[in-house]
Amino acid sequence: MADQEREERIDEDFLQEEEVEEKPQEDLEEDMQEVSEEKEDLEETGEPEPKKGLFGKPKKEKKDKKDIQIEELTDKYKRILAEFENFRVRTEKEKSQKQEFGARLVIEKMLPIIDSFERGLGMLSEEEKHTSFAEGMDKVYKLFTTTMDELGVKPIEAVGCEFDPAYHEALMQGEDENLGENIISEEFVKGYMYRDTVVRYSKVKVVNC
């Protein structure tokens with residue numbers, strides 16, 4: 001009986017030793033499987049599969065100093081480029097505003113000359129209109145108005161139109177049965193616009209207002 005019990009204990013110890021030796025072998029096989037998978041990833045994509053940390057989330061790898069410097073320089077370049085674009089747009093806008101302001105000043109100085117031409121030609125008699133002097137003055141006047149039109153200077157319509165404070169300035173009021181309400185019956189000074197801006201308001205008489 002003693003020999004039988006001793007043999008049984010030997011068999012149990014032997015089985016326990018086999019179980020202890022099997023666990024490291026399983027771990028080794030798992031490690032080899034992981035290495036094999038990483039190798040396959042490298043062969044297919046050239047990059048290893050990202051390592052997973054706790055709860056299966058990928059581990060964050062530390063960035064190389066060169067990569068950090070590249071990101072910083074790229075970000076700095078983008079900010080400088082945006083600032084330069086804003087500066088360019090602002091400069092062009094200011095330049096355009098200055099040019100328009102300067103053009104308006106010149107136009108305002110030229111309008112009295114047109115007024116003088118119109119008054120002078122309007123005072124001529126029918127006989128005087130056919131003289132060489134009057135015809136020469138008329139040609140100069142037409143050249144003047146054509147040039148202003150090409151520059152974007154347009155006269156504001158007034159007589160027969162409804163009064164609009166955005167374009168007209170009422171100097172007189174009156175009544176006229178032949179016209180409707182708030183209609184301009186007479187223009188004292190012709191108004192002009194430069195592009196979309198009023199350079200000079202039309203000075204008018206408004207009836208039935």
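**Entry 1: the whole chain**

I began with contacts (heavy atoms within 4.5 Å). Among the contacts in the chain with a separation of 6 or more, 60% join residues 24 or more positions apart. I noted that this is a predicted model, where local features need pLDDT of at least 70, side-chain atom pairs count only at pLDDT 80 or more, and totals for chains, interfaces and linings use all residues. Residues are numbered from 1 along each chain as its sequence is written, and side-chain values use heavy atoms, with hydrogens and water left out.

Next I listed the elements, taking helices (H or I, at least four residues) and strands (E, at least two) as DSSP runs numbered from the N terminus. I found 4 helices and 6 strands in the chain. From the N terminus on, they run α-α-α-α-β-β-β-β-β-β.

How much of the chain is buried? I used under 20% relative accessible area for buried, over 50% for exposed and partly exposed in between, with a 1.4 Å probe and protein chains only. Buried residues make up 15% of the 209 residues. The accessible surface of the chain comes to about 17600 Å², by the Shrake-Rupley method with a 1.4 Å probe, where for residues only the protein chains shown count as cover. Carbon and sulfur atoms hold 53% of that surface.

**Entry 2: helix 2**

I followed helix 2 (65-122) next. For the expected span of a helix I took 1.5 Å times one less than its number of residues. Helix 2 has 58 residues and reaches 84 Å from its first C-alpha to its last, close to the 86 Å expected.

Which residues of helix 2 are buried? I wrote down Ile107, Leu111, Ile114, Asp115, Phe117 and Leu121. Their cover includes helix 3, helix 4, strand 1, strand 4 and strand 5.

I stopped at Leu121, which lies in helix 2. Leu121 has a relative accessible area of 18%, so it counts as buried. Leaving out residues up to four places away in sequence, I saw Leu121 touch Lys129, Ala134, Met137, Asp138 and Tyr141. Leu121 and Met137 are 16 residues apart in sequence, and their C-alpha atoms are 7.9 Å apart in space.

**Entry 3: helix 4**

I checked the length of helix 4 (residues 132-150) too. Its 19 residues should span 27 Å at 1.5 Å a residue, and the end C-alpha atoms are indeed 27 Å apart.

In helix 4 I found Ala134, Tyr141, Phe144 and Met148 buried. Why do they share a side of helix 4? They cover an arc of only 85 degrees around the axis, which puts them on the same side; the arc is that of the directions from the helix axis to the C-beta atoms. What covers the buried residues of helix 4 includes helix 2, helix 3 (126-129) and strand 1 (153-155). On the face turned away from the buried side I met the exposed residues Ser132, Lys139, Leu143 and Glu150. After helix 4 comes Gly152, with a positive phi near 100 degrees.

**Entry 4: the sheet 1-4-5**

I turned to the strands, where pairing needs at least two bridges found by DSSP between two strands. As a reminder to myself, strands of a sheet pair through backbone hydrogen bonds, either parallel or antiparallel.

Here 3 strands form an open sheet in the order 1-4-5, with antiparallel pairing. Strand 1 and strand 5 (197-200) stand at the edges with a single partner strand each, so one side of each has no neighbour in the sheet. Neighbouring strands are turned by 35 degrees against each other on average, direction ignored. My axes are lines fitted to C-alpha atoms, for helices over the stretch in contact, and angles run from 0 to 180 degrees between N-to-C directions.

Helix 2 packs on this sheet and touches strand 1, strand 4 and strand 5; its direction makes about 45 degrees with that of strand 5. I counted 3 bridges between strand 1 and strand 4 (residues 192-194). Val153 stands opposite Tyr194 in strand 4.

**Entry 5: the sheet 2-6-3**

I then looked at an open sheet of 3 strands in the order 2-6-3, with mixed pairing. Strand 2 and strand 3 are at its edges, each with a single partner strand, so each has one side without a neighbour in the sheet.

Strand 2 (residues 168-174) and strand 6 (residues 202-207) pair in the parallel sense over 6 bridges. There, I saw Gly174 partnered with Val207 in strand 6. Strand 3 (residues 183-189) pairs with strand 6 in the antiparallel sense over 5 bridges. In strand 6, the bridge partner of Glu186 is Lys205, and that of Ile184 is Val206.
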